[in-house]
Amino acid sequence: MAGFDEVSQLKPYKSMWRIKVKIIRMWKQYTAQGGETIEMVLVDSKGDKIHASVKKDLVEQFDPVLMEGFTKILINFAVTHAWGSYRTTKHAYKIAFVSTTKVRSCEELPMNLTGFTPVKFLDVLDGSLNTDYLVDVIGQIVEYSHVEIVSVNGKDTEKIAVELRNENDVRLTIVLWGKFAMNVSDAIQLRADHAVVCVLRFEDRSVSNANNVSDIAINPSMNEVQAFLALLPKDGLPLAIVEAKALPMVSMISEKEEFFIHTPRKTISEVLESRQTERCIVMCTIAAIESDMGWFYLSCKVCSKKVQTVPNDNDDGGFKYFCTKCKVYTPKMLPRYKLHLVVLDNTSNTKFLLFDNLGLQLLNQPCIELTGKVTDEVQNPDALPIALTNLVSKTYLFKIVIEKENYLYKHDTYKVLKIITNSDMISEFDVNHYPSGSESTVCPQFSNVSEAPEGSMMILGSSSQVSESNSLTPAKRSGTPIMNLEESFDQNSITKTNTAVGIKKEKIEKSG
């Protein structure tokens, strides 16, 4: 049997090449010009890498036999020039599959053959790297921001900023978008007490993930990770949550512009009176946590969707969990926040629903730190963590969405999209922008309601009935949200139920 050609030898002068390579990265990519293609990064036994592509007309032919992480023998393919930006390897050429290309299974190359070649932090920081090439990075996560939803080119996208350090304690900030931001956030929450090492493959030189090609892993099983851990300073540096920093991107609206300029402001009474689908900013105070709805849910660690309970076949009263997206029983699970807030300003009151990332922003600790290791969703509605009850009487800026279910079917729970917790921005918004309203505020009778599907924008069956026994006394201040709840409410006039955490009797000084 003929031997194998080396990747470093590949050139365009012929097509009858025969190589044995491992697919270390594989993804599908769509462009208006080329349609959907398969893109790969291949490495041979000597560690040399080359990019390979399967054009759209051949995707159906080769997709079933190509898998990331597997070793294949490739025979007869075109070799063409590699050019342009976002190049995955420094090879001068790339492989293009043709209809007569043969793909053969074979003995696997070593597991530790990864093609991982991390760059030096200082080379990134001083701008000396060639901007045409994607890079590999390894570092310990020492700081991270909460996940934000930002508007980029008119589309809402998740964003997280993470600060890494290398073995010499040089720091490098990376920005991750979309599913990568969510995956890293989830992995950090499950970190336990171990150092969190982040491995990034094929990143933009500016250290921001480059669409589908990028790959990110937390504490992967790699020789390079073990070697890196051995070199880290033994100082036990803890992880810190920090405020997200604004990025100098022309296409991205700043958080302040989004809240102060580009999104209309409304009081709660104006929200309740709205008869159109829209987004708006509301400055209001958390009056209670509606705990009958639960404050967390169990999600599949792989796809992040809520897991469902399935009764056992023998009707013994037991059950198991099932992920409807992954089609897996007893999946690995992660608790996530699902907070139902009763909020008010000096015009009216309503309910807001917010999920995991915003809960993390409010509480500055992952949900799993409050739940501990969770095996089921059975919750005592009267036993909320102190961290949650401490939210009561706090004032924030909320960006919410008004859905047609809210104004057509009278669902009085609105989904929260973003939150501003920065006291300076809240004070500036209060002084310069908040519209005046009436002085009286009412608080709803909290009712037992059925749980809406996870991700829903409303709570089915919720009630906002108002009676003499549950109405609140007039606010002492006019034109701004309630900042001093002790002065603003007659505690005896609120009907006490087991479904909500009541308003805390403590004075809250207005920040700023």
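**Exercise 1. Find out how strand β2 meets strand β3, and place the two in their sheet.**

Start with the pair itself. In this predicted model, strand β2 covers residues 35-43 and strand β3 covers residues 49-54. Six bridges hold the two together, and they run antiparallel. To see one of the contacts, go to Ile38 and look across into β3: its bridge partner there is Val54.

Now widen the view. β2 and β3 belong to an open sheet of seven strands, in the order β5-β6-β3-β2-β1-β4-β7. The pairing in this sheet is mixed. Its edge strands are β5 (78-81) and β7 (102-105), each of which pairs on one side only. From one strand to the next, the twist averages 40 degrees.

A bit of background helps here: strands of a sheet pair through backbone hydrogen bonds, and they can do so parallel or antiparallel.

**Exercise 2. Work out which strands flank β15, and say whether β15 is enclosed or open.**

Step one: locate β15, which spans residues 278-290.

Step two: look for its partners. Eight bridges tie β15 to strand β22 (residues 395-402), and this pair is antiparallel. One spot to check is Arg279, whose bridge partner in β22 is Val401. Strand β20 (residues 333-344) also pairs with β15 in the antiparallel sense, over four bridges. Here you can check Ile289, which has Leu341 as its bridge partner in β20.

Step three: check the cover. Twelve of the 13 residues of β15 are buried, so the strand is largely enclosed by the rest of the structure.

**Exercise 3. Compare the cover on helices α3 and α7.**

Take α3 to begin with. This helix runs over residues 178-189, twelve in all. From first C-alpha to last it reaches 17 Å, close to the 16 Å expected at 1.5 Å a residue. Nine of its twelve residues are buried, so α3 is largely enclosed by the rest of the structure. Among those buried residues are Phe180, Met182, Val184 and Ile188, but also Asp186 and Gln189.

Next comes α7, at residues 356-363. In this helix, eight of eight residues are buried. They include Leu358, Leu360, Leu362 and Leu363, along with Asp356 and Asn357.

So how does the chain as a whole look? Of its 512 residues, 51% count as buried.

**Exercise 4. Look at two residues with a positive phi and describe where each one sits.**

First, the background: most residues other than glycine have a negative phi.

Asn364 goes the other way, with a positive phi of about 60 degrees although it is not a glycine. You'll find it just after α7, in the loop between α7 and α8 (367-371). Its relative accessibility is 47%, so Asn364 counts as partly exposed.

Lys410 is the second case, with a phi near 65 degrees. Look for Lys410 in the loop between α10 (404-408) and β23 (413-420). At 55% relative accessibility, Lys410 counts as exposed; the cut-off for that is over 50%.

**Exercise 5. Describe two of the aromatic pairs, then find a cluster of rings.**

The structure holds nine aromatic pairs. Let's pick Phe260 and Phe429. Their ring centres are 5.4 Å apart and the planes make an angle of 90 degrees, which is edge-to-face. Where do these two rings come from? Phe260 is in helix α5 (residues 255-262) and Phe429 is in helix α11 (residues 423-432), so the pair links distant parts of the chain, 169 residues apart. Both are covered: Phe260 is buried at a relative accessible area of 7%, and Phe429 is buried at 0%.

Now try Phe322 and Tyr329. This pair is tilted, with 4.6 Å centre to centre and 45 degrees between the planes. Phe322 is buried, with a relative accessible area of 18%. Tyr329, at 45%, counts as partly exposed.

Finally, the cluster: ring pairs link Phe352, Tyr396 and Phe398.

**Exercise 6. Sum up the whole chain in a few numbers.**

Count the elements: there are twelve helices and 24 strands. Then turn to the contacts. Among those with a separation of 6 or more, 68% are between residues 24 or more positions apart. Last, the surface: the accessible area of the chain comes to about 24600 Å², and 50% of it belongs to carbon and sulfur atoms.

Definitions and conventions:
Residues numbered from 1 in each chain as written. Predicted model: local features only at pLDDT ≥ 70, side-chain atom pairs only at ≥ 80, totals over all residues. Heavy atoms only, no water. Buried < 20%, exposed > 50% of the residue type's maximum accessible area, 1.4 Å probe, protein only. Contact = heavy atoms within 4.5 Å. Areas by Shrake-Rupley, 256 points an atom, 1.4 Å probe, with all protein chains shown as cover. Expected span 1.5 Å × (residues − 1). Pairing = 2+ DSSP bridges. Axes fitted to C-alpha atoms, helices over the stretch in contact; angles between N-to-C directions. Phe/Tyr/Trp six-rings, centres within 6.5 Å; stacked < 30°, edge-to-face > 60°.
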